[in-house]
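The paragraphs below go through one protein model, from its sheet to its cores and then to its charged side chains. Keep the sequence and the coordinates open while reading.

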Amino acid sequence: MAATHRKHSVKDFNHFITCYVCKGYLIKPTTVTECLHTFCKSCIVQHFEESNECPKCGIQVHETNPLEMLRLDNTLEEIIFKLVPGLRESEQQQEMEFWKRSKSKENGEDGSPRPKRARLDDEEDDDGDKDYHRSDPQIAICLDCLRNNGQVGENTVKGLMKKFIRCSTRVTVGTIKKFLSLKLKLPNSYELDVLCNGEIMGKDHTMEFIYMTRWRLHGENVYPMVLEYRPRIDFG
């Protein structure tokens, strides 16, 4: 007797391939390792900027940095793209349109004044490049203030109000230090150390170099990369 094959529609799988937060198809599916619930990467990252609990089950994911408990699910992403015709192309098109709009606003082409903000993607030398590396691969970073390190009085440094940033992989530690000094309103004479996994990073190290040689060893697919900063300690 021949086996019968029942045809399934995409909606039969919606429970498994849609995001609890935005109710759309999962884009860059990202799983919370504590409870194994999966969300769009952008949805869960934005949620964790305000809360450390899973938006679906309410479990506390991490006391201080829930983003450490996220893992990208590339296999599920490929399954969703195969199940939903045109989704990959649609997302690529939307992303292209987003960057075009962002670039137009940055260049003042929409008639509005250019915003004054710190750009991590500026070159440290004046080579006339006005692209700011927007076409470069991007990396998400958590800038965490190292506390309880024995620094007191004028040597204390505060944490950022928003410590999660996204920048070009070509950005250097030197640029990160300038960004921190600007955001924290530090005097020009104030020196910071930037560390990854407890090791001080050189000012010319790029984010890509640190990710490949330091952070990736911390654990596969840990998102985002965490850099810590503290006042420079004089051992002399």
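Five strands form an open sheet in the order E5-E4-E9-E6-E7, and the pairing within this sheet is mixed. E5 and E7 are the edge strands; each has a single partner strand, so one side of each is left without a neighbour in the sheet. The model is a predicted one, and every value quoted here is computed from it.

Strand E4 is a convenient place to start. In general, the strands of a sheet pair through backbone hydrogen bonds, in either a parallel or an antiparallel sense. E4 and E5 run antiparallel and are joined by five bridges. Two of the residue pairs can be located directly: Ile 141 has Ile 165 of E5 as its bridge partner, and Ala 140 has Arg 166 of E5. E4 also pairs with E9, here in the parallel sense and over five bridges. On that side, Cys 142 has Val 226 of E9 as its bridge partner.

How much of E4 is buried? Six of its eight residues are, so E4 is largely enclosed by the rest of the structure.

The next topic is the packing of nonpolar side chains. The largest nonpolar core has 28 residues, and those with the most contacts inside it are Ile 141, Leu 143, Met 207 and Leu 227. Two or more residues of this core come from each of E4, E5, helix H5 (173-183), strand E6 (192-196), helix H6 (207-215) and strand E9 (225-231). E4 gives the most to this core, with five residues.

Leu 227 can serve as a viewpoint from which to inspect this region. Neighbours within four places in sequence aside, Leu 227 is in contact with Ile 141, Cys 142, Leu 143 and Asp 144, with Val 194, Leu 195 and Cys 196, and with Met 207 and Ile 210. A second core, separate from the one just described, has 21 residues and includes Ile 17, Phe 39, Cys 43 and Leu 70.

Charged side chains come next. Six salt bridges are counted in the model. One of them is formed by Asp 144 and Lys 163, whose closest N and O atoms are 3.4 Å apart. Asp 144 lies in strand E4 (residues 138-145), whereas Lys 163 is in the loop between E4 and strand E5 (164-168), so this pair ties together parts that are 19 residues apart in sequence. Asp 144 counts as partly exposed, at 22% relative accessibility.

A salt bridge within a helix is formed by Glu 78 and Lys 82, with 4.0 Å between the closest N and O atoms. What separates these two residues along helix H3? They are four residues apart in H3 (residues 74-83), which means a separation of about one helical turn. Glu 78 is partly exposed, with a relative accessible area of 31%, and Lys 82 is exposed at 67% relative accessibility.

Another salt bridge has Lys 203 and Asp 204 as its partners, with an N to O distance of 3.4 Å. Both ends can be checked for exposure: Lys 203 is exposed, with a relative accessible area of 52%, and Asp 204 is exposed, with 56%. Elsewhere, Glu 78, Lys 82 and Arg 88 are joined into one network by salt bridges that share partners.

Aromatic rings can be dealt with briefly. The count of aromatic pairs is zero. A ring does take part in a charge arrangement, however: the charged end of Lys 23 sits over the ring of Tyr 20, at 4.4 Å from the ring centre.

The backbone remains. Most residues other than glycine have a negative phi. Lys 28 has a positive phi, near 50°, and is not a glycine. Lys 28 is found in the loop between helix H1 (14-17) and strand E1 (29-32), and is partly exposed at 37% relative accessibility. Asn 197 likewise is not a glycine and has a positive phi, of about 55°. The place of Asn 197 is in the loop between E6 and strand E7 (199-200), and Asn 197 counts as partly exposed, at 40% relative accessibility. This brings the account back to the sheet, in whose order E6 and E7 stand side by side.

Key
Residues numbered from 1 in each chain as written. Predicted model: local features only at pLDDT ≥ 70, side-chain atom pairs only at ≥ 80, totals over all residues. Heavy atoms only, no water. Phe/Tyr/Trp six-rings, centres within 6.5 Å; stacked < 30°, edge-to-face > 60°. Lys NZ or Arg CZ within 6 Å of the ring centre and 35° of its normal. Buried < 20%, exposed > 50% of the residue type's maximum accessible area, 1.4 Å probe, protein only. Core = buried A, V, L, I, M, F, W, Y, C linked by side-chain atoms within 4.5 Å. Contact = heavy atoms within 4.5 Å. Pairing = 2+ DSSP bridges.
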